[in-house]
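Hi,

Here's the structure I said I'd pass on. Have a look at it first, and then read on for what I found in it.

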Amino acid sequence: MNFIYSWNADISFFHEEKEVLGFLCYNKKITGKEPAEREYIMSICNLCPRACKIERKISVKDKGNVGYCRSAMLPVISRAALHHWEEPCIAGSRGAGTVFFAGCNLSCVYCQNYEISEMRKGIEVSVERLREIYFELIAKGAHNIDLVTPTHYTHAIFQSLRDPLPVPVVYNCGGYESVHTVAFLRNKVQCWLPDLKYADSIAAARYSDAPDYFEKATAAIEQMFRQTGPYDIDSSGILRKGVLIRHLILPGQVENTKKVLEYVADTFAPGEVLFSLMRQYVPCGRAAEYPEINRPITDEEYEECESYMEELGIVDGYVQQKASSDKMFIPAFDGTGVLKREE
Ligand code: SF4
């Protein structure tokens, strides 16, 4: 099997050129043909800041290495369905075409998708099936294809998007991303939905095992913005391109939120990026082991954060109603839409 260790992209585009080594290997440029499902392989995984540098096995059925995300290379999907609970410019009137991937490169103790992020509940599919799923969602009316927690499957996603889709591709991620991976997807992804969870490294270490989260996430977000430019919402209210930064307020973490808001206000001018201040926190996953976050946020906490956002002049974006803090908004991760239905 032939491998390539970089590709003919404009290397000057990358900020961490050395990190390209071993990033993604597939042999199309060598054979001139689309690779078959098992013909692509990554030599050393550094898709995300964990930089595990292991050779990942292809399928969950294979013996071999898994990194921090404990994922093989073929995508495991927990749900693929229209989703109405994203921000209005993503969900629109008909719904976002969400594809929920199992596994994660973060391990947030309070994750509301714990059963898929940590337990990796889902069904493994081929790249071809992944692309079919996109078109099934589009046929149902999806405004976009909304890839949820996609980072550890970047190689398969890249191949599934080898030809453009008729709707925008939304990369809905935890924010703990590598600049080179964002850059690699620049012609595939039109809309970026990164979380910016922490500015506080102590909280990032305690709750997501990622003390360097802020440094990595902000570098990635700035790269996303370089690629898309200012956001563009069309006449029907749907995001066509741009960056929408999400921040979930955690109980007792108002100062962390304020530092995140200051970063956004200092870095982006009005009209450049969208911002979503989220109050939907409900204790999930292992939150009960962390008593200080084992409760919803209070009205006072939310109001303090919202007022500070206004004070800083962040005007493009969304706030959430109190009613959004409810487990009823967590979808069923039951394999809906993953397997091809018999005609
Ligand atoms: S994608 Fe997974 S295996 Fe690769 S560097 Fe990140 S955590 Fe490690």
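Sorted by class, the residues in the shell around the ligand come out as 7 nonpolar, 4 polar and 2 charged. The shell holds 13 residues, and the closest ones are Cys45, Cys48, Cys52, Gly67 and Cys69. Keep in mind as you read that this is a predicted model.

Some more cysteines are worth a look. UniProt has an unreviewed entry whose "binding site" annotation covers Cys104, Cys108 and Cys111. I went through two of these in the model.

Start with Cys104, which sits in the loop between strand E2 (96-101) and helix H3 (114-117). Is Cys104 buried or exposed? It counts as buried, because it has 26 C-beta neighbours inside 10 Å, and the cut-off for buried is 20 or more. Leaving out residues up to four places away in sequence, Cys104 touches Cys69, Ser117, Thr149 and Gly174. You've met Cys69 already: it is one of the closest residues to the ligand.

Cys111 is in the loop between E2 and H3 as well. With 21 C-beta neighbours inside 10 Å, Cys111 also counts as buried. Which residues does Cys111 touch, once those up to four places away in sequence are set aside? They are Ser117, Glu118, Cys284 and Gly285. Ser117 therefore turns up in the contacts of Cys104 and again in those of Cys111, if you'd like a residue to click on while you look at both.

Next, the loop between helix H1 (28-31) and strand E1 (76-83), where you'll find Ile54. Ile54 counts as partly exposed because it has 16 C-beta neighbours inside 10 Å. Not counting neighbours within four places in sequence, Ile54 is in contact with Ile44, Cys45, Asn65 and Gly67. Cys45 and Gly67 are both among the residues closest to the ligand. Try putting a distance on Ile54 and Val66 too: they are 12 residues apart in sequence, and their C-alpha atoms are 7.3 Å apart in space.

Now for the strands. Strand E4 (residues 145-148) is covered on both faces, with Ile145 and Leu147 buried on one side and Asp146 and Val148 buried on the other. E4 runs parallel to E2, and 4 bridges join the two. In that pairing, Val99 stands opposite Leu147 of E4. E4 is also joined to strand E5 (residues 169-173) by 4 bridges, again in parallel, and here Val148 stands opposite Asn172 in E5. To get from E4 to E5 the chain passes through helix H5 (residues 154-160), making a right-handed β-α-β crossover.

Strand E9 (residues 274-278) is another one to find. Why do I call it largely enclosed by the rest of the structure? Because 4 of its 5 residues are buried. Strand E8 (residues 239-248) runs parallel to E9, with 5 bridges between them, and Arg246 has Ser276 in E9 as its bridge partner. The link from E8 to E9 goes through helix H9 (residues 254-267), and this β-α-β crossover is right-handed. E9 also pairs with strand E10 (residues 317-319), in the parallel sense over 3 bridges. There, Leu277 has Val319 in E10 as its bridge partner. From E9 the chain crosses through helix H10 (residues 299-312) to E10, and this β-α-β crossover is right-handed too.

Last, a couple of backbone oddities. Most residues other than glycine have a negative phi. Arg70 isn't a glycine, yet its phi is positive, at about 55°. Arg70 lies in the loop between H1 and E1, and it is partly exposed, with 15 other C-beta atoms within 10 Å. Asp209 is the other residue to check: its phi is near 55°, a positive value in a residue other than glycine. Where does Asp209 lie? Look in the loop between helix H7 (201-208) and helix H8 (213-228). Asp209 is partly exposed, with 15 other C-beta atoms within 10 Å.

That's my tour. Happy browsing!

How values were computed:
Residues are numbered from 1 along each chain as its sequence is written. This is a predicted model: local features need pLDDT of at least 70, side-chain atom pairs count only at pLDDT 80 or more; totals for chains, interfaces and linings use all residues. A residue is near a molecule or strand if its C-beta atom, placed from the backbone, lies within 6 Å of it. Ala, Val, Leu, Ile, Met, Phe, Trp, Tyr, Cys and Pro count as nonpolar, Asp, Glu, Lys and Arg as charged, and the others, Gly among them, as polar. UniProt positions are given in the numbering used here, feature names are shortened, and annotations may be inferred rather than shown by experiment. A residue is buried if 20 or more other C-beta atoms lie within 10 Å of its own, exposed if 12 or fewer, and partly exposed in between; C-beta atoms are placed from the backbone. Two residues are in contact if their C-beta atoms, placed from the backbone, lie within 7 Å. Two strands pair if DSSP finds at least two bridges between them. A crossover is right-handed if, with the strands pointing away from the viewer, the path from the first strand over the helix to the second runs clockwise.
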